[in-house]
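These are my notes on the model, set out as numbered points. Please read them with the structure open.

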Amino acid sequence: MKRSEINRIMADAKEMIRAGGFALPPFAFWTPEEFSANLPAARRIVDAQMGWDITDYAQGDFSKTGLFLFTLRNGDLAELNASRGMVYAEKLLISREGQVTPMHTHVIKTEDIINRSGATLAIQLYGSDAAGAIDHGRGVTVDCDGIARKVAAGDILRLAPGESVTLRPGDWHAFWGEGGSVLVGEVSTVNDDLTDNIFEADIGRFAEIDEDEAPTHLLVSDYDAWLGPRMV
């Protein structure tokens with residue numbers, strides 16, 4: 001992806017988030033220079049991989065295969081393993097009409113996917129086999145706002161604004177907006193995008209960036225190069 005495209009996506013996302021009644025935290029608006037100047041006090045933002053995340057999954061066509069994310073808060077895997085402390089995470093996502101987040105599952109993370117506002121969020125679901133691989137013949141039973149729903153293999157669950165679904169490890173899912181863009185909330189256990197995304201296809205998690213202009217804000221995938229490697 002070109003950095004200029006990423007900058008435009010950030011600007012559009014700010015407008016949709018504001019229109020949806022949400023406000024981003026102050027660090028969302030730091031320039032790269034301001035972010036650097038705020039270290040080491042803001043080191044945990046880097047270590048927890050909080051912030052802007054825009055990806056085309058290294059496929060080269062963001063409008064077709066891609067996702068906007070902003071990680072608002074993220075806990076600690078060590079505390080999750082100890083069953084106490086900050087064991088949760090929260091994100092805002094924007095899924096555009098027909099823009100697919102590819103089929104994947106998680107090993108650790110359980111997540112609530114919430115349609116906060118906008119159009120319909122379509123989620124295609126499959127179950128796992130005994131080894132944890134996708135099973136195209138197996139459906140899943142998921143909780144939708146406390147109501148158990150059986151979903152046959154490959155069927156599409158559609159969430160209107162205000163509706164949500166709980167997805168557990170082994171629930172394979174792909175999703176996209178129908179009828180327009182969707183502002184999506186994600187509330188989950190601790191999130192580790194470096195290790196806990198298992199895709200059906202052999203694709204990348206982060207975009208490859210062509211630096212055709214300066215970044216408006218840093219992506220989480222920029223942190224190592226701009227701010228130094230994580231301390232955890």
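**Salt bridges and their surroundings**

1. Lys91 and Asp193 are both buried. The model is a predicted one, and this pair is a suitable place to begin. The two side chains form a salt bridge, with 2.9 Å from N to O. Lys91 belongs to strand 3 (residues 88–95), while Asp193 sits in the loop between strand 11 (172–189) and strand 12 (198–199), so the salt bridge ties together parts that are 102 residues apart in sequence.

2. Asp193 has a second partner: its side chain also meets that of Arg205 in a salt bridge, at 3.2 Å from N to O. Arg205 is in the loop between strand 12 and helix 5 (223–227) and Asp193 in the loop between strand 11 and strand 12, so this pair ties together parts that are 12 residues apart in sequence. The relative accessible area of Asp193 is 14%, which makes this residue buried. Arg205 is buried as well, with a value of 11%; the cut-off for buried is under 20%.

3. Which residues make up the salt-bridge network that includes Asp193? The network links Asp53, Lys91, Asp193 and Arg205. In the structure there are 14 salt bridges.

4. Another of the salt bridges joins the side chains of Asp135 and Arg138, with an N to O distance of 3.8 Å. Here Asp135 is partly exposed at 23% relative accessible area. Arg138 is likewise partly exposed, because its relative accessibility is 42% and the partly exposed class lies between 20% and 50%.

5. Leu194 follows in the loop between strand 11 and strand 12. Its relative accessible area is 47%, so Leu194 counts as partly exposed. From Leu194 to Val151 the C-alpha distance is 29 Å, with their positions 43 residues apart in sequence.

6. Tyr57 occupies the loop between strand 1 (51–55) and strand 2 (67–74). Is this loop residue buried or exposed? Tyr57 is buried, because its relative accessibility is 3%. Leaving aside neighbours within four places in sequence, Tyr57 is in contact with Thr65, Gly66, Leu67, Thr101, Pro102, Phe199, Ile203, Gly204, Arg205 and Phe206. Arg205, in that list, is also a member of the salt-bridge network. Tyr57 and Met1 are 56 residues apart along the chain, and their C-alpha atoms are separated by 9.9 Å.

7. His104 is part of strand 4 (residues 101–105). Its relative accessibility of 5% is why His104 counts as buried. A polar atom of the His104 side chain lies 2.7 Å from the backbone oxygen of Pro102. Beyond neighbours within four places in sequence, the contacts of His104 are Asp171, Trp172, His173, Phe175, Asn197, Ile198 and Phe199.

8. Thr105 is also in strand 4, and at 4% relative accessibility Thr105 is buried. A polar atom of its side chain lies 3.4 Å from the backbone oxygen of Asp171. With neighbours within four places in sequence set aside, Thr105 is in contact with Arg168, Pro169, Gly170, Asp171, Trp172, His173, Asp196, Asn197 and Ile198. Asp171, Trp172, His173, Asn197 and Ile198 are contacts of both His104 and Thr105.

9. Ile198, a contact of Thr105, contributes with Val107 and Ile108 to a nonpolar surface patch of about 250 Å². Ile108 is placed in the loop between strand 4 and strand 5 (111–128). The relative accessibility of Ile108 is 43%, so Ile108 counts as partly exposed.

10. Strand 7 (residues 140–144) and strand 8 (residues 147–151) run antiparallel and are joined by five bridges. Within this pairing, Asp143 stands opposite Ala148 of strand 8. How many residues lie between strand 7 and strand 8 in their hairpin? Two residues lie between them, and Asp145, in the turn, has a positive phi of about 55°. Please look at Asp145 when checking the turn of this hairpin.

Note on methods: Residues are numbered from 1 along each chain as its sequence is written. This is a predicted model: local features need pLDDT of at least 70, side-chain atom pairs count only at pLDDT 80 or more; totals for chains, interfaces and linings use all residues. Side-chain values use heavy atoms; hydrogens and water are left out. Helices (H or I, at least four residues) and strands (E, at least two) are DSSP runs, numbered from the N terminus. Buried means under 20% relative accessible area, exposed over 50%, partly exposed in between (1.4 Å probe, protein chains only). A polar contact is a pair of N or O atoms within 3.5 Å; within protein, one must be able to donate a hydrogen and the other to accept it, and residues adjacent in sequence count only if both atoms are side-chain atoms. Contact means heavy atoms within 4.5 Å. Two strands pair if DSSP finds at least two bridges between them. A salt bridge is a side-chain nitrogen of Lys or Arg within 4 Å of a carboxyl oxygen of Asp or Glu. Patches are made of residues with over 30% relative accessible area and no salt bridge: like charges are joined within 9 Å, nonpolar side chains (Val, Leu, Ile, Met, Phe, Trp, Tyr) within 5 Å. Accessible areas come from the Shrake-Rupley method with a 1.4 Å probe; for residues, only the protein chains shown count as cover.
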